[in-house]
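Let's take a walk through a protein model together. Have the sequence and the 3D view open, and follow along as we go from single residues to helices.

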Amino acid sequence: MLSSQELVQFRRDLHSYPETGWCEFVTTFKVVQKLRSFGIEPKFGRQIINPEFVAGRNEKAVEAAQKAALDKGVSAEFLEHMGGYTGVLATIETGRPGPVLAVRFDMDCVDVQEALEAGHRPFDEGWASTNPGHMHSCGHDGHTTMGIGLCSWLVENKDKLCGTIKVLFQPAEEGVRGARPVAESGVLDDADYFFGNHLGFNLPTGTISPEPGLFLASTKLDAEFVGLAAHSGADPHKGKNALLAAATATLAVHGIIRPVQETTALNVGTLHAGQGRNVVAPNAFMQLEVRGETEEVNSYMREEAIRKIKASADMYDCEVKIVKAGEATEFKPDRKAIDLVYEAAIPVVGEEMIKKMDLKLGSEDCTILLRRVQQRGGVGTFIIFGCETKAGHHQRLFDFDERVLDIAVSFYKNLVPMICGFK
């Protein structure tokens, strides 16, 4: 099993070269290399992705990431085997009948420029991001490391277990894009138990929460408006103003009447439009999201947003193309899985460090995987491994207490035998 020092070193190696969703070619390579060193031959890339359900994937960014991966020592043969997609699934088969347990860890970064200044530990110690504009500022480098630590223990203890354990290293969690195409590939359809997790939230290190609270169903949308350019002074009447259509849509979306007694959220996050000061804008591009406490409420928010976007385009005689760029569903954990987490956590951190949380307004595409497992008769939940952080998640100074890596692996060392141990 990997030592604490080896876990920390692997995390810092991942931290130094973060990759955004659908571009995690170097990260995938490093994970596969490490798994192969344990004697595991994993599935990866297109083997665990259903391309028909991929959303929010920028082809130019993917091509650039593949070229960068070649420069980083990833072989052309490995990239070809990936088929243009990222992510890894390690399957440990004990050879004895028993349940199938699946655990998910995400691996992508956030599009944030890391602080390269004195006082920021990764910079001071020489393992800050070397990929400009990208940073592991949400702890996914830690999550991937937890998964690697778990796999190393599973291999060494396979003879003491029964059934099958699947460890998923999921791409593109940010923007809730990666879970759906993994789910639709069917690689977890035989799972009887499913667990996801997240570190941080600036809780005391050692806190474990089997009941994190509320994750909202969410839909991410991209809207592309197409109008007609014209001279803004001489012939404005001949133009079709996509900028005004998009601006009107922005205000209209933020004016959606929301259900009073339900938790909802919405945001138009980016809006880019126009070609010049004296040109009627022929184009505009908008990125937005809606969220709802239930799938039904989120559906209402989504359909209202789409209706208002289309109406705004029609007002200015523009065309609009709306594309789903990501999704998550509501969070409905199973009591059986929650109770297992409580039982497994007590020997690791003590009963006083196990907390029920009341998170709200966030979304997690792990919910897509959980629902897929539940629809086939399985159970699961989502776990928070609390640890102190420097700055909040998604911020340029983010860093976390690395003791959480050992805590998480120790927790899973307790949980796995409870499910896949000899009865």
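Is Ile384 buried or exposed? Ile384 is buried, because its relative accessible area is 0% and the cut-off for buried is under 20%. Keep in mind, as you look, that this is a predicted model.

**Ile384 and its company**

You'll find Ile384 in strand S12, which covers residues 379–387. Its list of contacts, leaving out residues up to four places away in sequence, is His198, Phe201, Leu203, Thr207, Ile208, Ser209, Pro212, Met357 and Leu359. Pick out Ile208 from that list: Ile384 and Ile208 are 176 residues apart in sequence, yet their C-alpha atoms are 5.7 Å apart in space.

**Two more buried residues**

Now hop over to Leu188, which sits in the loop between H7 and strand S5 (193–201). Leu188 is buried too, with a relative accessible area of 4%. What does Leu188 touch, leaving aside neighbours within four places in sequence? Its partners are Leu89, Ala102, Lys166, Leu168, Phe194, Leu369 and Val373. Leu89 is 99 residues from Leu188 along the chain, and the C-alpha to C-alpha distance between these two is 9.7 Å.

Helix H7 itself runs over residues 179–183 and holds Arg180. Is this arginine, Arg180, buried or exposed? With a relative accessible area of 17%, Arg180 counts as buried, because the limit is under 20%. Beyond four places in sequence, Arg180 is in contact with Phe53, Glu327, Ile368 and Arg371.

Here are the three residues side by side:

| Residue | Where | Relative accessible area |
|---|---|---|
| Ile384 | strand S12 | 0% |
| Leu188 | loop between H7 and strand S5 | 4% |
| Arg180 | helix H7 | 17% |

**A mostly covered helix**

Ile368, a contact of Arg180, and Leu369, a contact of Leu188, both turn up among the buried residues of helix H11. How many residues of H11 (residues 366–375) are buried? The count is 7 of its 10, so this helix is mostly covered. The buried ones are Cys366, Thr367, Ile368, Leu369, Leu370, Arg372 and Val373. Just past the end of H11 comes Gly377, with a positive phi of about 95°.

**The nonpolar cores**

Next, look at the largest nonpolar core, which has 101 residues. Which of its members touch the most others? They are Leu35, Phe195, Phe411 and Tyr412. The biggest contribution to this core comes from helix H12 (residues 403–420), which supplies 11 residues. Zoom in on Phe411: once you set aside residues up to four places away in sequence, Phe411 touches Ile208, Val341, Ala344, Ala345, Val348, Ile383 and Phe385. Ile208 should ring a bell, since Ile384 touches it as well. Apart from this largest core there is another one, made of 22 residues, including Ala246, Ala249, Ala284 and Met301.

**How the helices pack**

Two packed helices are described by the angle between their axes and the distance between the axes. Let's try that on three pairs.

Start with H2 (residues 25–37) and H6 (residues 140–156), whose axes come within 10 Å and cross at roughly 15°. Why are they called roughly parallel? Angles under 35 degrees count as roughly parallel, so H2 and H6 qualify. Their crossing is right-handed. On the H2 side the contact uses Val31, Lys34 and Leu35, and on the H6 side Thr144, Ile148 and Cys151. Sorted by class, that gives 4 nonpolar, 1 polar and 1 charged residues.

H6 also packs against H1, at an angle of about 140° and with the axes 9 Å apart. That makes H1 and H6 oblique to each other, and their crossing is right-handed. From H1 come Leu7, Phe10, Arg11, Leu14 and His15, which meet Asp141, Gly142, Thr144, Thr145, Ile148 and Gly149 of H6. By class, this contact has 4 nonpolar, 5 polar and 2 charged residues.

Finally, H1 (residues 4–16) packs with H12 at about 115°, with axes 9 Å apart. This crossing is right-handed as well. Here Ser4, Leu7, Val8 and Arg11 of H1 meet Leu405, Asp406 and Val409 of H12, a mix of 4 nonpolar, 1 polar and 2 charged residues.

Methods:
Residues are numbered from 1 along each chain as its sequence is written. This is a predicted model: local features need pLDDT of at least 70, side-chain atom pairs count only at pLDDT 80 or more; totals for chains, interfaces and linings use all residues. Side-chain values use heavy atoms; hydrogens and water are left out. A nonpolar core is a set of buried Ala, Val, Leu, Ile, Met, Phe, Trp, Tyr and Cys residues joined through side-chain atoms within 4.5 Å. Buried means under 20% relative accessible area, exposed over 50%, partly exposed in between (1.4 Å probe, protein chains only). Helices (H or I, at least four residues) and strands (E, at least two) are DSSP runs, numbered from the N terminus. Contact means heavy atoms within 4.5 Å. Axes are lines fitted to C-alpha atoms, for helices over the stretch in contact, and angles run from 0 to 180 degrees between N-to-C directions. Angles under 35 degrees count as roughly parallel, over 145 as roughly antiparallel, 65 to 115 as roughly perpendicular and the rest as oblique. A crossing is left-handed if the near helix is turned anticlockwise from the far one by less than a right angle, and right-handed if clockwise. Ala, Val, Leu, Ile, Met, Phe, Trp, Tyr, Cys and Pro count as nonpolar, Asp, Glu, Lys and Arg as charged, and the others, Gly among them, as polar.
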